[in-house]
Amino acid sequence: MMESLQAKAEYTLELNALNKSYGKSQVLKDINIKIPRGVIYGFIGENGAGKTTTMNIICGLKKPTSGKVIFRERELSYDKEREAIGYLPQQPKFYSYMKVHEYLDFILSLSEAKGKAFSTVELLSIVGLKDASKKTIKALSGGMLQRLGIAVAICNNPELVILDEPTSALDPEGRREVMNIIKSLKERGMTVFFSTHLLSDVENICDYITIIHKGEILSSTTLASLKDKYGACYYEVKFGNKIEPKSYPSFIKNINIKDDITLIYTNNTLTDERDLFNYLLSLNSPIKAFTKKEVSLEDIFFTIINGGNQNDL
Ligand SMILES: Nc1ncnc2c1ncn2[C@@H]1O[C@H](COP(=O)(O)OP(=O)(O)O)[C@@H](O)[C@H]1O
Ligand SMILES: [Mg+2]
């Protein structure tokens with residue numbers, strides 16, 4: 001199931017055969033990920049899949065049981081290169097009695113990347129908190145807190161930003177704002193690696209995705225090639241009488257009949273939908289309803305984690 005990314009791409013970060021065990025329980029199993037420079041990379045998986053553990057290892061907060069983190073084509077040195085990687089933890093903590101601008105001043109005063117770092121005013125503008133800069137942190141909404149967390153993560157103007165579930169606790173408006181900020185980080189040349197279990201977020205902004213399930217990587221590829229492989233659309237047909245297709249034309253990959261709904265998966269040799277209509281008419285049953293459906297990332301995700309292939313979609 002594992003597909004290799006483009007051989008020629010230049011990678012910001014590579015995870016090389018990472019394993020992590022707690023006692024007898026192995027929570028990461030041979031994790032290999034290559035993150036090309038300047039992309040938004042989604043890391044998706046259900047709760048407990050191993051996303052936070054992987055991100056903690058990248059940031060040097062946990063040690064892998066075995067395996068390597070390669071950054072700038074060498075094993076990552078946490079002493080020398082820490083400022084080049086920004087991190088937003090899943091549950092960021094702040095000094096809530098401080099005002100937003102005071103807190104960012106304080107964080108920048110601790111920064112190891114003086115000269116390369118942003119100013120407080122720049123950070124406020126990137127994360128859209130200019131108007132809230134004089135607010136006390138405890139008065140911020142969930143979305144504003146998450147944006148403050150992103151400001152802290154990028155305060156050193158890092159090459160790579162690791163965001164652990166930046167949108168999961170937010171309402172749709174807050175999620176949209178955070179998504180737009182993530183896009184703007186890419187426009188500034190940063191590489192963003194973010195985890196989520198919300199597939200619509202990934203679908204909207206990611207160039208690449210990796211699916212992790214029970215500590216194992218099931219797929220690592222571009223969203224486009226995933227859609228290509230699993231088909232971008234399928235057809236839902238309601239026939240008046242039961243149909244029993246014994247064979248079908250080569251542009252049909254699979255037909256799945258569930259109660260009165262027939263799902264038809266086609267491949268890219270179907271270039272003219274009239275061919276499909278002709279086939280449906282040849283089945284000699286009244287057609288009560290016909291709908292063309294887009295395959296969502298959610299459909300693909302569940303197919304992959306259930307160990308299936310596109311025929312099970
Ligand atoms: N310190 C720990 N000790 C034992 N097990 C842990 C520890 N931290 C995480 N785990 C286990 O590792 C697995 C992966 O957790 P985590 O990386 O937090 O997943 P995710 O972020 O995808 O929800 C889970 O089964 C979790 O219970
Ligand atoms: Mg987590």
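The largest share of the shell around ligand 1 comes from helix α1, residues 51-58, which supplies 3 residues. The model is predicted. The full shell consists of Y22, V27, G45, N47, G48, A49, G50, K51, T52 and T53. By class, 6 of these residues are polar, 3 are nonpolar and 1 is charged.

Helix α1 itself is largely enclosed by the rest of the structure, because 7 of its 8 residues are buried. The buried positions are K51, T52, T53, T54, M55, I57 and I58. Three of these names, K51, T52 and T53, recur in the shell around ligand 1. Just after α1, G60 adopts a positive phi of about 80°.

The chain as a whole contains 10 helices and 14 strands. Its C-alpha atoms fill a box of roughly 75 × 45 × 35 Å along the principal axes. Of the 313 residues in the chain, 32% are buried. Contacts reach far along the sequence. Among those between residues at least 6 apart, 72% join residues at least 24 apart.

The largest nonpolar core comprises 62 residues. Within this core, A151, V161, I162 and V192 have the most contacts. Helix α5, residues 142-153, gives the core its largest share, 6 residues. The surroundings of A151 can be listed. Beyond residues up to four places away in sequence, A151 touches L104, L123, I126, V127 and L129.

Towards the end of the strand numbering lies a sheet. Four strands, in the order β12-β13-β11-β14, form this open sheet, and their pairing is antiparallel. The edge strands are β12 (252-258) and β14 (287-294), each of which pairs on one side only. From one strand to the next, the twist averages 20°.

Strand β11, residues 233-239, has partners in both β14 and β13. With β14, β11 runs antiparallel and is joined by 7 bridges. Across this pairing, Y235 stands opposite K292. Further along the pair, K238 of the chain faces A289 in β14. With β13, β11 also runs antiparallel, here over 5 bridges. Y234 has Y265 of β13 as its bridge partner. E236, in turn, stands opposite L263 in β13.

Strand β13 also pairs with β12. The two are antiparallel and share 6 bridges. N254 has Y265 in β13 as its bridge partner. Y265 is also the bridge partner of Y234. Thus Y265 is named in a bridge with N254 and in one with Y234. The hairpin of β12 and β13 has 2 residues between the strands. In this hairpin, D259 takes a positive phi near 50°.

The two faces of β13 can be told apart. In a regular strand, side chains alternate between the two faces of the sheet. In β13, residues 261-266, the covered face carries T262, I264 and T266. The uncovered face carries I261, L263 and Y265. Two residues of the uncovered face, L263 and Y265, appear in the pairing with β11, where L263 stands opposite E236 and Y265 is the partner of Y234.

Beyond β13 the chain enters a loop that leads to α9 (273-282), and L270 sits in this loop. L270 is partly exposed, because 19 other C-beta atoms lie within 10 Å, whereas a buried residue has 20 or more. Leaving aside neighbours within four places in sequence, L270 is in contact with F251, D275 and L276. L270 also lies 8.6 Å from S250, C-alpha to C-alpha, although the two are 20 residues apart in sequence.

Definitions and conventions
Residues numbered from 1 in each chain as written. Chains lettered and ligands numbered in written order. Predicted model: local features only at pLDDT ≥ 70, side-chain atom pairs only at ≥ 80, totals over all residues. Pairing = 2+ DSSP bridges. Axes fitted to C-alpha atoms, helices over the stretch in contact; angles between N-to-C directions. Buried ≥ 20, exposed ≤ 12 C-beta atoms within 10 Å, placed from the backbone. Near = placed C-beta within 6 Å. Nonpolar A, V, L, I, M, F, W, Y, C, P; charged D, E, K, R; others polar. Contact = placed C-beta atoms within 7 Å. Core = buried A, V, L, I, M, F, W, Y, C linked by C-beta atoms within 7 Å.
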